[in-house]
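This report covers strands, ring pairs, the main pocket and a few helix positions. Keep the structure open while reading.

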Amino acid sequence: MNRAELIEAMSQSTGTSKAANEQWLTAFTDLIKQNIDSGVKLVGFGAFKVASRKERVARNPQTGENITIPARQVPVFRPGLELKQLVNKSKA
């Protein structure tokens, strides 16, 4: 599902306009981006946060040469219990 399909589904589900749902979705994603450093928890759904990756050594598969990948910060989503259960139930 892409952004446009999500907005369409939200409009059908809530009975509100696509424009209103697009504004809501934009506000929601902007707030997550602004607050991800301190973490954003949605109980039952999951948590968005920033994690640190250490510097590491990897190998170029074409040349076999070792290269150093620098340390960096990455965004992380950790699913909540209800979301995990939903996913596992649908696969059973």
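## Pocket

The model is predicted. In its largest pocket, β2 is the main contributor to the lining, with four residues. The volume of this largest pocket is about 160 Å³.

The lining residues come from several stretches. Gly39, Val40 and Lys41 take part. So do Gly46, Ala47, Phe48 and Lys49. The list is completed by Arg78, Pro79, Gly80, Leu81 and Lys84. Four elements give two or more residues each: β1 (40–42), β2 (46–53), β5 (72–79) and α3 (81–91). By character, the lining splits into five nonpolar, four charged and three polar residues.

## Three-stranded sheet

β1, β2 and β5 form an open sheet, in the order β1-β2-β5, with antiparallel pairing. β1 and β5 are the edge strands, and each of them pairs on one side only. On average, neighbouring strands in this sheet are turned by 30° against each other, direction ignored. Strands of a sheet pair through backbone hydrogen bonds.

The antiparallel strands β1 and β2 are joined by three bridges. Across this pairing, valine 40 stands opposite phenylalanine 48 of β2. Both residues also appear in the pocket lining, as Val40 and Phe48. The hairpin of β1 and β2 has three residues between its strands. There, glycine 44 takes a positive phi near 90°. On the other side, eight bridges join β2 to β5, again antiparallel. Arginine 53 faces another arginine in that pairing: arginine 72 in β5 stands opposite.

## Second hairpin

Strand β3 covers residues 56–59, and strand β4 covers residues 66–69. The two run antiparallel and are joined by four bridges. One partner pair is arginine 56 with isoleucine 69 in β4.

The hairpin of β3 and β4 has six residues between the strands. Glycine 64 takes a positive phi near 80° in this hairpin.

## Aromatic pairs

How many aromatic pairs does the model hold? The count is three. One of them joins tryptophan 24 and phenylalanine 28, with ring centres 5.4 Å apart and planes at 5°. The cut-off for stacking is under 30 degrees, so this pair counts as stacked. Both residues sit in helix α2 (residues 18–35). They are four residues apart, so about one helical turn separates them. Phenylalanine 28 is partly exposed, at 30% relative accessibility.

Phenylalanine 48 and phenylalanine 77 form another pair. Their ring centres are 4.9 Å apart and their planes stand at 50°, so the pair is tilted. Phenylalanine 48 belongs to strand β2 and phenylalanine 77 to strand β5, so the contact ties together parts that are 29 residues apart in sequence. Is each ring residue buried or partly exposed? Phenylalanine 48 has 18% relative accessibility and counts as buried, because the limit for buried is under 20%. Phenylalanine 77 has 33% relative accessibility and counts as partly exposed. Ring pairs also bring in Phe45, which forms a cluster with Phe48 and Phe77.

## Phenylalanine 48 in context

Several features meet at this residue. Phe48 lines the largest pocket. Phenylalanine 48 is also the residue opposite valine 40. Its ring pairs with that of phenylalanine 77.

## Helix α2 positions

Aspartate 30 lies in helix α2. At 32% relative accessibility, aspartate 30 is partly exposed. Its C-alpha is 13 Å from that of phenylalanine 48, and the two residues are 18 apart in sequence.

Threonine 29 is also found in helix α2. Its relative accessibility is 25%, so threonine 29 counts as partly exposed. How far apart in space are threonine 29 and threonine 63? The C-alpha to C-alpha distance is 41 Å. In sequence, threonine 29 and threonine 63 are 34 residues apart.

Note on methods:
Residues are numbered from 1 along each chain as its sequence is written. This is a predicted model: local features need pLDDT of at least 70, side-chain atom pairs count only at pLDDT 80 or more; totals for chains, interfaces and linings use all residues. Side-chain values use heavy atoms; hydrogens and water are left out. On a 1 Å grid over the protein atoms alone, a cavity is a set of points where a 1.4 Å probe fits but cannot get out, and a pocket is an open set with protein on both sides within 12 Å along at least five of seven lines; lining residues have an atom within 4 Å of a point. Grid points are joined across faces, edges and corners, and a volume is the space filled by probe spheres set on the points. Ala, Val, Leu, Ile, Met, Phe, Trp, Tyr, Cys and Pro count as nonpolar, Asp, Glu, Lys and Arg as charged, and the others, Gly among them, as polar. Rings of Phe, Tyr and Trp (its six-membered ring) pair if their centres lie within 6.5 Å; planes under 30 degrees apart count as stacked, over 60 as edge-to-face and the rest as tilted. Buried means under 20% relative accessible area, exposed over 50%, partly exposed in between (1.4 Å probe, protein chains only). Two strands pair if DSSP finds at least two bridges between them. Axes are lines fitted to C-alpha atoms, for helices over the stretch in contact, and angles run from 0 to 180 degrees between N-to-C directions.
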